[in-house]
Amino acid sequence: MPLHSARAAALLAWVNSTKVCTDPLNDLSQLQDCSVFIRIINKIHRSEEGESVLEQPLPERISFIRGFLQKHCKHKSAAENLVSAQELLEGAELALAKVAVLLLYHTSMSCRSPGDWNEFDYKTQVELASILKFVLDNEESLNENLETFLQRKAPLSSSSASGSSSEEHSPLLSLPHKREVRFLELQKIASSSGANNAPLHSMLSGPPSSPMGDVMQTPQFQLRRLKKQLAVERDNRDELEVELAENRKLITEKEAQITMMQQRIDRLALLNEKQAADQREPREMEELREKNESLMVRLHEALKQCQDLKTEKGQMDRKINQLSEENGDLSFKLREIASHLVQLQEALNELSEEHNAAMAQSQEKQGQLESDLRAALQEKKCSEEKIEILQGKISLLEDQLAKLGDCSAQEKGEVMGDVLKLEELKQEVSSLAAKGAELQATVLRLEEEKQQREAALQSERGRFEEEKQQLGGLVASLQSSLSESQQARERLEQDLQSREAEAGR
């Protein structure tokens, strides 16, 4: 089954965005020599570890890439079963696409920020976000589901995946909004983790304007990134502990050498004292003195080296303890954040249901108001038309009565009926006028009620947007905390490199 064209194009666009090759690639088949993958790995880790591998045959390149994927996958055996070495040797596009997907996921978790994805057009971002969300939802079952996902338009529905068939075109994790979310508790967590250098309102930036940015701002992605970085910190701590054990062993050996040299010096000193009584200074005595001086120089050098190693050991112990405490704090905060995120998700789901019900009720009420308003306006129009007709009749009768004003009494008596008829018309006009005024008041009331409801709906939407921005700011503060931990680790690595250089001299 051929690859899904839109996903293949999105993966190729991402590979080109890394700018590791001179000319942009036009087809996944151009990746079959695996050199582009190796350059991407070097760029991720800011090293030249794979440069020598580029000089080797294709099997060695494939072995290097699979080794990297196995090391950085959640489960060590996942990459071995997911990416076949034989398929890569044959240049199968499906295998090449799998490697690109895993490198995309690792890069997003490691170094990409939401703003870095704005260089892609919206359609490409939608496909990349779909791929990233699929890996997030199917981490435990990539071996069974990834091939089908890369070959089919509709996403695979599995028991381990939380997505549905509509998620491919809307890859963002749905996050309903809650009016009464406990943001202050999350803010306290974020500020206690070292991100209180700037006020919270300065970190509450608006939500990202791209699909990839939306995925990377979701609690699911941020929690997964925290777990990954915490695992890296633990690995670094284990490596430092191994180096510390080796340094301790070296110090013990140096101390043993110093003890042996001190014993030799003591023996030479005794021999010196015996020879001092003898005024003769034979050639052997001169040689012993020279040896003694040489040994003293070596002793001082060894003592200085031992002191330096002890100092470095103390510094290493303090740094290891500090790193352990930081890892412990991160673990505690990670568990606490995960708990709050679960509560937040439940509250947001509840609010979403309430909001949907309120919107349906509001729309129904809005329709009823508009119907009442149309009916009132129609009735008002009819009353005004009746009033105009009656006023015309009244004017006609008044003219006729004025002409008959000079007639005889008998004739006046004959027109009394018209006069009574005239009075009744005036009363009917007054009644219709009063009813028109009442209808006008009803129309004004209905219009005012309609405007109030529209204003309330607009205010509700504003509160939802504000709460979404607050959540984004809290996630940003947690990222700042992790960044500080990463900087501390880099400083520790520099200290270790300096120590190794001095030990080599």
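1. I62 is a good place to start: this residue lies in helix α3 (residues 58-72). Helices here are DSSP runs of H or I with at least four residues, and strands are runs of E with at least two, numbered from the N terminus. I62 is buried, at a relative accessible area of 2%. Buried means under 20% relative accessible area, exposed means over 50%, and partly exposed is in between (1.4 Å probe, protein chains only).

2. A word on the source. This is a predicted model, in which local features need pLDDT of at least 70 and side-chain atom pairs count only at pLDDT 80 or more, while totals for chains, interfaces and linings use all residues. Residues are numbered from 1 along each chain as its sequence is written, and side-chain values use heavy atoms, with hydrogens and water left out.

3. What does I62 touch? Leaving aside residues up to four places away in sequence, the list is C34, A85, L88 and L89. Contact means heavy atoms within 4.5 Å. I38 can be placed relative to I62 too: the two are 24 residues apart along the chain, and their C-alpha atoms are separated by 9.2 Å.

4. C34, one of the residues touched by I62, deserves its own point. C34 lies in the loop between α1 and α2. Its phi is positive, near 65°, and the residue is not a glycine. C34 is buried, with a relative accessible area of 0%.

5. K19 is also in the loop between α1 and α2. K19 has a positive phi of about 55°, again without being a glycine. Is K19 buried or exposed? K19 is exposed, with a relative accessible area of 62%.

6. Next, a helix pair. Helix α2 (residues 35-45) and helix α6 (residues 93-110) pack at about 10°, with axes 11 Å apart. The angle makes α2 roughly parallel to α6. From α2, the contact uses F37, I40, I41, I44 and H45; from α6, it uses L96, V99, A100, L103, H106 and T107. These residues divide into eight nonpolar, three polar and no charged.

7. The terms behind that pair are as follows. Axes are lines fitted to C-alpha atoms, for helices over the stretch in contact, and angles run from 0 to 180 degrees between N-to-C directions. Under 35 degrees counts as roughly parallel, over 145 as roughly antiparallel, 65 to 115 as roughly perpendicular, and the rest as oblique. Ala, Val, Leu, Ile, Met, Phe, Trp, Tyr, Cys and Pro count as nonpolar; Asp, Glu, Lys and Arg count as charged; the others, Gly among them, count as polar.

8. R224 belongs to helix α12 (residues 219-277). R224 is buried, with a relative accessible area of 18%. Beyond residues up to four places away in sequence, R224 touches Y105, M109, L136 and E139.

9. Now the whole protein. The secondary structure comes to 15 helices and zero strands. Of the 505 residues, 37% count as buried. Among contacts between residues at least 6 apart in sequence, 78% join residues at least 24 apart.

10. Confidence needs care. The mean pLDDT (the predictor's confidence in each residue, from 0 to 100) is 76, and 78% of the residues reach 70 or more. Confidence is highest in helix α1 (residues 5-17), at a mean of 93, and lowest in helix α10 (residues 200-203), at 35. Over residues 154-208 the pLDDT is below 50, and this stretch has 112 contacts in the model beyond near neighbours in sequence.
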